[in-house]
Amino acid sequence: MTDLQEAVSFHGHLCPMFYLGVRMGGLALKKLDRARERGVKLHAVVEFANCFGDGIQYVTGATFGKNNLHLADRGKFAASFYDLSSGKNLRLRMKKDIVEKVLEYGRAGRDVKRLPPAEREEETRRLMAMGREMVERLKGLSDEELFEVTDAPGFTPPEGPSLDYVVCPGCGEVTLKEYAEKGLCGSCG
Ligand SMILES: [Zn+2]
Ligand SMILES: [Zn+2]
């Protein structure tokens, strides 16, 4: 089991969505019967850019920098996992009642951010305590109570660009060839 404290130091705070991402990533590894990815064989496609994506990233080792963590922005609390070494894959989605509760918390957080600074500090403390309580409650739930397993949609791992480059005559910056049009980079072209 992942050291939650260490995971939290990666994300920056302990919130329910992050915790759910940690659990989701852990369940994916368990179902795929594999350990955390060090290379690029495990791909994860997250359906919304949110705290839970960080939990998935931390636990599974699919990262933005290795180009094996992807965003298919659908506004859903779900993610698909593809193990290229075994050919196994699956999609996990948070159960409706779980999402509803955690979104309620998220909306409370949004409201706190809108408060005048004088009131914000105390409300933020209250909110963080609420979040920690919610995480404690989630800890008591089984994977089956948190997530539903469905079939993963088709997926082709993106082929990375060649590492050929041009030096943009506009700004003098090294730019990968595929990104330069008529020799100019995206900022100059
Ligand atoms: Zn968070
Ligand atoms: Zn340029």
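Is N67 buried, partly exposed or exposed, and how many C-beta neighbours does N67 have inside 10 Å? The tour returns to this residue at a later stop.

**The whole chain**

Begin with the entire chain on display, bearing in mind that this is a predicted model. The C-alpha atoms fill a box of roughly 55 × 50 × 30 Å along the principal axes. The chain has 189 residues, and 29% of them count as buried. Six helices and seven strands are present. Read from the N terminus, these elements follow the pattern α-α-β-α-β-β-β-α-α-α-β-β-β. Among the contacts with a separation of 6 or more, 64% are between residues 24 or more positions apart.

Next, colour residues 4-150 and residues 161-189 separately, since the domain assignment gives these ranges as domain 1 and domain 2. Between the C-alpha centres of domain 1 and domain 2 there are 36 Å.

**The five-stranded sheet**

Select strands 1 to 5, which form an open sheet in the order 2-1-3-4-5, with mixed pairing. The edges are taken by strand 2 (69-71) and strand 5; each has a single partner strand, so one side of each is left without a neighbour in the sheet. From one strand to the next, the twist averages 20°.

Now walk across the sheet, beginning at strand 1. Strand 1 and strand 3 run antiparallel and are joined by five bridges. To see this pairing in detail, select H43, which faces Y82 in strand 3.

Move on to strand 3 (residues 78-83) and strand 4 (residues 89-94), an antiparallel pair with five bridges. Here A79 is the residue opposite L92 in strand 4. The two strands, strand 3 and strand 4, make a hairpin with five residues between them. In the turn of this hairpin, select G87, whose phi is positive at about 80°.

The last step leads from strand 4 to strand 5 (residues 147-150), where four bridges join the two strands in an antiparallel arrangement. Within this pair, R93 is opposite E148 in strand 5.

**Helices on the sheet and the nonpolar core**

Which helices pack on the sheet, and which strands do they touch? Helix 2 touches strand 3, strand 4 and strand 5, and its direction makes about 150° with that of strand 4. Helix 3 touches strand 1, strand 2 and strand 3, and its direction makes about 175° with that of strand 1.

Show side chains for the largest nonpolar core, a set of 32 residues in which M24, A44, F52 and A79 have the most contacts. Two or more residues each are given to this core by helix 2 (16-32), strand 1 (42-46), helix 3 (51-60), strand 3, strand 4 and helix 5. Helix 2 supplies eight residues, the largest share.

Centre the view on M24. Apart from neighbours within four places in sequence, M24 is in contact with F52, G55, I56, A79, L92 and F147.

**Helix 5**

Select residues 117-139, which make up helix 5 and include A129. Helix 5 has 23 residues and spans 33 Å from its first C-alpha to its last, close to the 33 Å expected at 1.5 Å a residue.

Within helix 5, highlight G131, M134 and V135, which are buried. Helix 2 and helix 4 (96-113) are among the elements that cover the buried residues of helix 5.

Is A129 buried or exposed? A129 is exposed, because there are 10 other C-beta atoms within 10 Å, and a residue counts as exposed at 12 or fewer. To place A129 relative to another part of the chain, also select L14: the two residues are 115 residues apart along the chain, and their C-alpha atoms are separated by 10.0 Å.

**Two loop residues with positive phi**

As a general background to the final stop, most residues other than glycine have a negative phi. Select D33, in the loop between helix 2 and strand 1. D33 has a positive phi of about 55° although it is not a glycine. D33 counts as exposed, because there are 9 C-beta neighbours inside 10 Å.

Finally, select N67, in the loop between helix 3 and strand 2. N67 is also not a glycine, and its phi is positive, near 60°. The opening question can now be settled: N67 has 15 C-beta neighbours inside 10 Å and therefore counts as partly exposed.

Key: Residues numbered from 1 in each chain as written. Chains lettered and ligands numbered in written order. Predicted model: local features only at pLDDT ≥ 70, side-chain atom pairs only at ≥ 80, totals over all residues. Domains from an automatic or database assignment. Pairing = 2+ DSSP bridges. Buried ≥ 20, exposed ≤ 12 C-beta atoms within 10 Å, placed from the backbone. Contact = placed C-beta atoms within 7 Å. Core = buried A, V, L, I, M, F, W, Y, C linked by C-beta atoms within 7 Å. Axes fitted to C-alpha atoms, helices over the stretch in contact; angles between N-to-C directions. Expected span 1.5 Å × (residues − 1).
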